[in-house]
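Q: I am a first-year student and would like a close look at one part of a protein. Please start with the whole chain and then work through the part step by step.

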Amino acid sequence: MSGGTEPAKSARIQGEAAISAEGLHKAFGKIKALDGIDLTVPPGTVMALLGPNGAGKTTFVRILTTLLAPDVGRAQVMGYDVVGNSAAVRTIIGLAGQYPAVDENLTGRENLEMVGRLYHLGSSEARRRASELLESFGLTDAAQRRVKTYSGGMRRRLDLGASLVARPPVLFLDEPTSGLDPRSRLGLWEIIENLVKQGTTVFLTTQYLEEADRLADNIAVLDNGRIIEQGTAQYLKECCGGDVLIQLRVADRTQTALAAELLGTLGGDGKVRSTPETGEVSIPVVGGPSMLAEVVRRLDAGGVALSDLALRQPTLDDVFLSLTGRTTETSTGATAQDLERHRGKRKGKEAVT
Ligand SMILES: Nc1ncnc2c1ncn2[C@@H]1O[C@H](COP(=O)(O)OP(=O)(O)OP(=O)(O)O)[C@@H](O)[C@H]1O
Ligand SMILES: [Mg+2]
């Protein structure tokens, strides 16, 4: 619990925004991919854009990274307009797209050196930078292998490395850890956290709530092309995550109803829920941990023994569910066309430099 203090709606903005968007609209035929987006990202912070499939995340990233022009509205990165001054924007951003855009037929080292040369680094500087990135992404041993032979996680790390060649102050990551195993995901999170410590501003999209919770200073929830809520993880949990619940299980299932009765008045306006088949009882509470002691006292006095007792805080999953009506696991809004398009993108390798 926050001890009664109001959660901050947003991390404080210091100085000029690193990224700002105003009234962005983008349609593909009849599909309104972005339907009026306003967003500000303070420098040196992490913004996570959270949304189900088809919400418009990639479209937003493509506009901010100059790959796509908005129909209406404007956006700036470090004060440069993404349409009017796209060349300047490209020199200060890095992008790791939703699907790694590394060249399969080159080795890891060759990929990074090629990007270095695209950024006009001299050949020895490009070599030095490639070695440095291969080292920090744990790819030194695989440096001379063609990317074809890399695992998904290795490709992602290489792609992220490629986006960092020019040491961009603003980094865009479109679902950076999708499809990675938990250990690789953790490794990437640490890399991202280190970049942020060094002052990089990060804009990432994700469907993993844990990722947003861990990395982001601010989270914007995008659904159907609109930002439906935004703020810190704490703010979102408190505004939109629902109640804190005390959940317990009685040792003797025949006492489920008795337990619910003994605890009935604790729930305030909320309802006590009980499931006699499993012996579970849950009570929405205000006051959190202090109520746990009261639960134990009452049940003890009533002669009810417990096998399990826990306080369940709302999670970002609850927030996401209550805002979008979907859980991330079941949010398969992707159509056949989406899948086709994604396959096409993977083949066509979106330009990232
Ligand atoms: N080039 C395009 N042509 C036609 N429709 C598009 C195109 N790009 C995106 N769309 C549509 O715009 C909407 C938003 O797509 P977008 O790729 O931005 O979503 P997303 O949030 O990134 O989804 P995902 O989680 O699946 O990556 C979808 O309905 C998609 O089908
Ligand atoms: Mg996407």
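What share of the 353 residues in the protein do buried residues make up? After that, please look closely at strand 11: which strands does strand 11 pair with, and which helices lie across strand 11?

A: This is a predicted model, and what follows is computed from it. Buried residues make up 41% of the 353 residues in the protein. The secondary structure consists of twelve helices and 14 strands. Among contacts with a separation of 6 or more, 70% are between residues 24 or more positions apart.

Now to the part you asked about. Strand 11 covers residues 244-250. The strand belongs to an open sheet of four strands, whose order is 12-13-11-14. The pairing in this sheet is antiparallel. As general background, strands of a sheet pair through backbone hydrogen bonds, and they can do so in a parallel or an antiparallel way.

In the order 12-13-11-14, strand 11 has strand 13 on one side and strand 14 on the other. Six bridges join strand 11 to strand 14, and six bridges also join strand 11 to strand 13. Both pairings are antiparallel. Leu245 shows the two sides: its bridge partner in strand 13 is Pro284, while its bridge partner in strand 14 is Arg312. Further along strand 11, Val250 stands opposite Leu306 in strand 14.

The edges of the sheet are another matter. Strand 12 (273-275) and strand 14 (306-312) each have a single partner strand, so one side of each has no neighbour in the sheet. Neighbouring strands of this sheet are turned by 15 degrees against each other on average, ignoring direction.

Next come the helices. Helix 9, residues 256-263, lies across strand 11, strand 12 and strand 13 (280-285). Helix 9 runs at about 15 degrees to strand 13. Helix 10, residues 289-301, lies across strand 11, strand 13 and strand 14, and it runs at about 160 degrees to strand 14. Strand 11 and strand 13 are thus named for both helices.

How buried is strand 11 itself? Five of its seven residues are buried, so strand 11 is largely enclosed by the rest of the structure. In general, nonpolar side chains in soluble globular proteins tend to be buried together.

The nonpolar cores of this protein can be set beside that. The largest nonpolar core has 72 residues, and the members that touch the most others are Ala48, Leu50, Leu64, Ala212, Ile219 and Ala220. Leaving aside residues up to four places away in sequence, Ala220 touches Leu39, Met47, Leu49, Leu50, Ile227 and Gln230. A second, separate core of 15 residues includes Ile246, Val281, Val285 and Leu299. By residue number, Ile246 falls in strand 11, Val281 and Val285 fall in strand 13, and Leu299 falls in helix 10.

For contrast, consider the shell of ligand 1, which draws on other elements. Strand 2 (31-41) and helix 1 (57-64) each supply at least two residues of this shell. Helix 1 gives the largest share, three residues. The shell has 14 residues, the closest being Phe28, Ala33, Lys57, Thr58 and Thr59.

To return to strand 11: the strand pairs with strand 13 and with strand 14, and helix 9 and helix 10 lie across it.

Technical notes. Residues are numbered from 1 along each chain as its sequence is written. Chains are lettered from A and ligands numbered from 1 in the order in which they are written. This is a predicted model: local features need pLDDT of at least 70, side-chain atom pairs count only at pLDDT 80 or more; totals for chains, interfaces and linings use all residues. Two strands pair if DSSP finds at least two bridges between them. Axes are lines fitted to C-alpha atoms, for helices over the stretch in contact, and angles run from 0 to 180 degrees between N-to-C directions. Two residues are in contact if their C-beta atoms, placed from the backbone, lie within 7 Å. A residue is near a molecule or strand if its C-beta atom, placed from the backbone, lies within 6 Å of it. A residue is buried if 20 or more other C-beta atoms lie within 10 Å of its own, exposed if 12 or fewer, and partly exposed in between; C-beta atoms are placed from the backbone. A nonpolar core is a set of buried Ala, Val, Leu, Ile, Met, Phe, Trp, Tyr and Cys residues joined through C-beta atoms within 7 Å.
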